[in-house]
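Reader: I am new to reading structures, and I would like to understand how the descriptive words are chosen. Could you take me through a few of them step by step?

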Amino acid sequence: MSGILVVAEQRRGELRPVSLELASAAQGLRRPGEQVAVAILGHAPQAFVERLSVAGVDEIVTVQVAQAEFDPDTFESALGALIAARTPEVILVAHSVDSFGFAAALATRLGLGFATDVFSAERIDGGIVATRGGYGQKVNVEVDFPGRSMVLLAIRGNAFKPPERAAAPRVTAFDAPPLQSRAAAREFIELSAGDDLDMAAAEFILTIGRGIGEQAKVPQFRELADAMGATLGCSRPIADAGWLPKSRQIGQSGKTASACKLYIAMGVSGAIQHLAGMKHVSTIVAVNSDAKASIFGVAKYGIVGDIIEIADELRRHF
Amino acid sequence: MKILVAVKQVVALDEDFKIRGDGRDIDADFFIRDLNEWDDFSLEEAVKIKEAAATPVEVVAVSVGPADADESLRKCLAKGADRAIRVWDAAIEGSDSIAIARVLAAVAQREAPQLLFAGVQSSDQSFASTGIAAAAFLGWPHAAVVSSLTCSPGAESAVFRRELEGGLLQEVDIQCPAVLTIQLGINTPRYASLRSIKQAAAKPIEVWSLADAELRAADVGEAGSLSRVRRMYIPDKGRAQLIDGDVAQQARRLAEIIREFKGTAA
C-alpha cells in the first residue's frame, strides 16, 4: 500500500474548490517520495486537468463515466476499481453533500479505515490519526484505524488552504468498468430567492437563530436590523420553520456571507454548517445565553446574555 | 408496504462536562439524551406517506442502543410509528457508525421494507455515514440529503430531491428498495398529543439480541468497526473577547462596534 489518492469534486462543469484543499491535506500525510494522485470523474474529465495542476500533485487520473453528474453507484464502482488497481494507503474525499452519498458505502464495501468531517490528519508511529469534532463540536476526537491497510478520510471544507502554485503533473486515463446505475438524475432546480435579496453582497449582517425562541420575535429583529442598516439573516432552523425565507439562510446549504465585514449572530449556536457560511468574516459578534456555544469559538467579540434584552437595549442606540 | 426508520438516541453534554477516566469518551454522568433532530424529520416523512397512502403502510422505528433508547422509540410510537425495535448486546459497545450500520442492515434484511430512512447525520457525532453504510451492507441503491420525496406504496421507484449547496437541488429517480438519508426541513414534524404519548407508553418495544439479527459479537464493537476512538479532549479554541457588564453596558459597547464599522464602511 502506497500513495495518496485524492478524489476531486465537480458539479455542472465547475470544479468544486474543496478539491484543491484536498491536495493540500495530502501533503501532511505523504511520506518522502510518496505520490499524490488526483482522480476526477465525469463525462469529459480532461476539462479539469488545468485547474487541478497545482503544486503537490504528481498525477491526475481522468475517469470517464457515463453519468455527467455525481451518482453514488457510479462513484462507488469507478473508485472501487481504481482503489483496487492502485492500492493507495490514504484516500481523501471532501466531507460534502456528494461524499455523504458514497463514502461510507465505499469504505464499507472495501473494508477501508474510515472517518468523516476530519479537519486534521497526521502520521503517528507510522499509522494515520485523524481528528474530528464530537458532541456538537464541543470536543476534539482523535481516531485511528487499527488493522486497516487503506484509510478513507472525508475532509472538512476550509480546513486546508489550497496550493497557490501551479505545477505540471502527468495525466493518465483510467478505464472505469461499465455500470448500469440504479438511480437516474433528472434535473437541477435552483431555489427561487423568495425575495430580492443578495445576501452575498451584504456588508453588515444581523443573523438570528433558534435562540429567539418564537416566531413572534422575528419582527423585533427585522426592525432592529433596519434601524442599524443591517441585512437580516438567519440560521437553518429559522428558515426551515418558515419564519424567514430560505434566501436569508446563511450556511452550507444556504448563502455565504461573502462580502460581509460585520456579522452579528444572535441566538445562533454555531453548527458547523452555519459556520461554513460566515466564519471568514473579520468581525463577528456573538450574542448567546449559552457561554459554551460553539459560535464563541469563531467570534471576535462575545456577549453572554439574553438576546431579547440585548436587542431591546441595542435598539435605543439607533 | 413497509418503511423502516432508523433512529438514534443522541447525547448533548451538560455544562462543565468531564472527560472519562480512560480519555476516550465523556463521562456519561454529563449526558443529556434525546431523539436525534434529523430522525424526527425522517419519522414524520414515513408517517406522512402512511397517512397519504390508499393501501396500508407500516412504519417501523428501529434503534441500536441500550434500554434508555426506549425513550426515543416511545417518542416515535407516539408520533405514528406502528412498531419499534431496539437491538442491543454488550458487544455493541464501542461500535463505530459502520458497525451500527451492519446491525441496522441486519434488521432491514429481516423486516424487508420498501424504504429505509435514516437522518443525514446525528447532532452529536455528525458522522453522516450510518444510513449509507447500511445500504452498502444490504446492496441497495441509496442517496443522501433528501429534502423532498414522492413515493407510492408498492412502486418500483421513488423520486426525490437532493439538497446541494447554495440553494441548488437535484431531482433523482431511484429504484426500490432503497436507503435515503433525510434532511432537516423536508417536512414539519408533528408534536405528539398527550393521548398518543399515553398510548405509546403501553405499546411493546421489540428487543432483539445480536442472535435475533443473525449477527455475531465479532460483527460489532471494535472488531466490526472501521475506526477506533484514540483520544478525546477539549480543544484549546480561540475564544471571543467577552463584553462584560450589565445589559445596558453590553448594548452600548455593541452599538460602538457597529458605529466604528459604519464609520469605516462609509
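**Two helices and a buried residue**

Author: In this predicted model, helix 2 of chain B and helix 5 of chain B are oblique to each other.

Reader: Why are helix 2 of chain B and helix 5 of chain B called oblique?

Author: Helix 2 (residues 70-78) of chain B and helix 5 (residues 194-202) of chain B pack at an angle of about 125°, with their axes 8 Å apart. Angles of 65 to 115 degrees count as roughly perpendicular and those over 145 as roughly antiparallel, with the rest, once those under 35 are set aside as roughly parallel, called oblique, and therefore this pair is oblique. The crossing of the two helices is right-handed.

Reader: What makes the contact between helix 2 of chain B and helix 5 of chain B?

Author: On the side of helix 2 of chain B there are B:R74, B:L77 and B:A78, and these meet B:S196, B:I197, B:A200 and B:A201 in helix 5 of chain B. Sorted by class, this contact has 5 nonpolar, 1 polar and 1 charged residues.

Reader: How do you know whether A:A104 is buried or exposed?

Author: A:A104, which lies in helix 4 (residues 97-110) of chain A, has a relative accessible area of 1%. Buried means under 20%, so A:A104 is buried. Leaving aside residues up to four places away in sequence, A:A104 touches A:S99 and A:F114, and also B:I98, B:S129, B:I132 and B:A133.

Reader: What confidence does the predictor give the complex?

Author: The complex has an ipTM of 0.94 and a pTM of 0.92, while chain B averages a pLDDT of 95, with 98% of the residues scoring at least 70.

How values were computed: Residues numbered from 1 in each chain as written. Chains lettered and ligands numbered in written order. Predicted model: local features only at pLDDT ≥ 70, side-chain atom pairs only at ≥ 80, totals over all residues. Heavy atoms only, no water. Axes fitted to C-alpha atoms, helices over the stretch in contact; angles between N-to-C directions. Helix = DSSP H or I, 4+ residues; strand = E, 2+ residues; numbered from the N terminus. Left-handed = near helix turned anticlockwise from the far one by under 90°. Contact = heavy atoms within 4.5 Å. Nonpolar A, V, L, I, M, F, W, Y, C, P; charged D, E, K, R; others polar. pLDDT = per-residue confidence, 0-100. Buried < 20%, exposed > 50% of the residue type's maximum accessible area, 1.4 Å probe, protein only.
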